[in-house]
Amino acid sequence: MGSQSVWMDDWTKRALLWDTIWSLFQPQTPMGQQAKASLPPFLPGEEEAWQSMLGVQEELLEKQNQNPAWARQVERHLSQLPDIRQVIRRLDRGENPGLSDWFQVKQFLWQGRAGRSRLREEGMCQGMNTADTDWERAFRKLNPEPKWTPAFSLSDSFSPELAALRQTWAKWRQRRHSAHDRQVREVEKEYGIKPNHEGEWVVDQRASHRSQMESDSRLVAVRRTPFDHVFQLVPSSEEKEALLRQQKTEEMLKQTEAEVLAELADRMRPETGFLYQAVEEWTRFDLLWARVQAAKTWKGVRPVQGKEFRITGGRHPHLQKILEEQGRRYTPVDVRVVQGATVIIGPNMGGKTSALLALGLIAALGQYGFLVPATSCDMPLTAWIAAVIGDRQEATAGLSTFGAEMNRIAVLLKREEPGLLLMDEVGRGTNPLEGAALSAALTGYLTQKNHWSAHVTHYREVIQVKGIHTYQVAGLSQNDLRWREEEEDRNWQERIQSRMDYRLLPWEKGVDIPRQALVIASSLGIPEDVLRKADQLIKDDGENEQRERGMAHGKIET
């Protein structure tokens with residue numbers, strides 16, 4: 001997959017609430033978690049690989065739903081795979097890994113082999129290109145015993161010399177303990193006192209045998225108090241000799257263990273290519289599995305390759321969650337975005353921006369190889385995605401909201417490769433006349449470009465632009481806002497939200513768009529005189545517009 005350096009910038013991520021969704025993508029392995037941080041999207045030209053991976057996810061999702069116990073086993077193996085890349089790099093540098101390193105490698109091989117067996121049970125070994133013989137060969141080098149275990153230690157099976165030295169070491173340790181225990185028993189018998197759990201004899205200051213014990217060469221006084229004398233045993237010559245032999249054997253044993261570890265490293269060095277490939281395979285699968293687990297939270301479906309965005313039942317999971325927690329209903333988005341300009345028009349509070357966020361999120365998730373939150377989705381791979389959404393203030397640059405918006409759009413319009421451009425209420429940061437003109441002109445400009453652009457606006461001038469694809473929010477009517485008495489205790493926002501129809505409906509040129517602002521104002525108690533005056537101004541404005549158009553075409557009617 002290609003670079004993601006400028007595919008979706010931080011502004012766009014913040015606008016789409018990307019981090020809230022991305023946090024649901026949780027790889028199990030350390031390798032997968034690290035790979036997530038630099039995961040690139042699929043780019044134009046990678047459609048075959050994109051669709052192939054989505055197809056595997058569909059299969060995985062089906063297997064998980066059919067066999068939850070199997071899914072739990074796979075997840076357990078994934079979660080117990082350690083990251084062994086540092087050990088492999090040490091082998092490549094000619095270094096000799098230690099015991100804990102080999103324990104990690106053996107754990108990886110154990111869990112990896114077991115995980116492959118689980119995947120094979122359901123025919124889900126796509127992408128696992130290493131051979132079973134490679135796994136067995138590498139594992140046997142770390143497990144020379146006939147019985148295979150997940151734990152690693154330098155067992156006697158690694159070297160006959162190692163086994164012999166350990167036997168010798170154990171023999172001298174036993175002799176040292178025997179000499180010590182024999183001397184303890186002699187002291188106990190002679191003085192009739194047993195040592196405490198620390199191997200010390202605590203003798204009362206007034207005891208008759210205290211002075212005799214002080215002069216006994218087998219004992220040494222280690223502490224004195226006003227009440228007691230404390231004695232320890234002096235090692236006998238036999239015990240000292242056994243300890244010396246044990247220590248010398250231990251030095252030889254350490255040297256031999258180092259040699260065995262060096263030999264093991266030499267035997268495992270040819271396996272580094274296989275180990276790198278095995279790590280890569282499991283990292284890819286971990287990312288695949290984590291994608292499926294995330295998509296299950298939003299009931300994802302496979303996006304199909306297409307030349308335009310065609311989404312039915314599209315959702316933004318985070319916005320949906322917020323609304324449902326408030327006891328409100330989330331309206332899924334049905335929208336088609338073609339190359340050129342698509343416009344969404346409607347009243348404030350009509351859900352236009354939410355629809356735009358759902359579109360952008362679905363496009364981004366799809367291009368990152370996820371099953372998307374929708375009922376169905378056709379989409380192309382785009383060279384980039386960018387959002388001009390929100391009131392972000394470029395304070396450090398000394399730009400106003402409008403200035404920051406224009407600066408961003410100017411930069412984006414310089415991009416020649418086709419991308420997805422999401423714009424929310426362009427021009428609202430300046431005076432309405434210029435804002436409407438600029439918004440309409442920008443939309444007209446985009447109709448001539450090969451970008452997929454979606455522009456949310458409330459400027460009626462925009463929908464007069466030729467060549468656009470237009471949607472309107474269904475909105476509400478005067479009848480929708482005749483409150484029942486039992487609703488009087490609800491605040492005005494709740495009342496409007498409960499009546500608003502947030503669906504996006506295709507709009508055809510010539511069909512009048514309802515004046516939702518006056519309907520809302522009326523329902524909230526604005527005086528009728530004000531509303532009548534506003535309505536008259538709108539009519540006058542419309543008549544003036546028609547007259548100006550007639551003058552422009554030389555058709556002034558009297």
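This is a short walk through one protein chain, from its overall make-up to a few helices and loops.

Hello everyone, and thanks for coming. Please keep in mind that what you see is a predicted model. Let's begin with the whole chain. It has 19 helices and 13 strands. There are 558 residues, and 45% of them count as buried. Now take the contacts between residues at least 6 apart in sequence: 75% of these join residues at least 24 apart.

Let's zoom in on helix H3, residues 30-37. Which residues of H3 are buried? They are Met31, Gly32 and Lys36. Looking down the axis of H3, you would find these buried residues within an arc of 140°, so they line one face of the helix. If that sounds abstract, remember that an α-helix has 3.6 residues a turn, so residues three or four places apart point the same way. On the face turned away from the buried side, H3 carries the exposed residues Gln34 and Ala37. And what do the buried residues of H3 pack against? Their partners are H2, H6, H7 and H12.

Just ahead of H3 there is a residue I'd like you to find: Thr29, in the loop between helix H2, residues 18-22, and H3. Is Thr29 buried or exposed? Its relative accessibility is 0%, so Thr29 counts as buried. The side chain of Thr29 makes a polar contact with the side chain of Asp286, at 2.6 Å. If we set aside neighbours within four places in sequence, Thr29 is in contact with Leu78, Leu81 and Asp286. For orientation, helix H12 spans residues 272-297.

H6 came up a moment ago, so let's go there. This helix runs over residues 85-92, and its buried residues are Arg85, Val87, Ile88 and Leu91. Viewed down the axis of H6, they fall within an arc of 160°, so here too the buried residues line one face of the helix. What covers them? The cover includes H3 and H12, along with helix H7 (99-121) and helix H11 (237-268). Just after H6 comes Gly94, with a positive phi of about 85°.

Let me stay with phi for a minute. Most residues other than glycine have a negative phi. Two residues to look at with that in mind are Leu17 and Glu425. Leu17 is not a glycine, yet has a positive phi of about 55°. You will find Leu17 in the loop between helix H1, residues 10-15, and H2. With a relative accessibility of 27%, Leu17 counts as partly exposed. Glu425 also has a positive phi, of about 55°, without being a glycine. Glu425 sits in the loop between strand E10, residues 420-424, and helix H16, residues 432-447. Glu425 is buried, at a relative accessible area of 5%.

One last stop: a pair of helices. Two packed helices are described by the angle between their axes and the distance between the axes. Our pair is H11 and helix H9, residues 160-191. They pack at an angle of about 160°, and their axes are 8 Å apart. How do H9 and H11 run relative to each other, roughly parallel or roughly antiparallel? Angles over 145 degrees count as roughly antiparallel, and H9 and H11 are therefore roughly antiparallel to each other. Their crossing is left-handed.

That's the tour, and thank you for listening!

How values were computed
Residues are numbered from 1 along each chain as its sequence is written. This is a predicted model: local features need pLDDT of at least 70, side-chain atom pairs count only at pLDDT 80 or more; totals for chains, interfaces and linings use all residues. Side-chain values use heavy atoms; hydrogens and water are left out. Buried means under 20% relative accessible area, exposed over 50%, partly exposed in between (1.4 Å probe, protein chains only). Helices (H or I, at least four residues) and strands (E, at least two) are DSSP runs, numbered from the N terminus. The arc is that of the directions from the helix axis to the C-beta atoms. Contact means heavy atoms within 4.5 Å. A polar contact is a pair of N or O atoms within 3.5 Å; within protein, one must be able to donate a hydrogen and the other to accept it, and residues adjacent in sequence count only if both atoms are side-chain atoms. Axes are lines fitted to C-alpha atoms, for helices over the stretch in contact, and angles run from 0 to 180 degrees between N-to-C directions. Angles under 35 degrees count as roughly parallel, over 145 as roughly antiparallel, 65 to 115 as roughly perpendicular and the rest as oblique. A crossing is left-handed if the near helix is turned anticlockwise from the far one by less than a right angle, and right-handed if clockwise.
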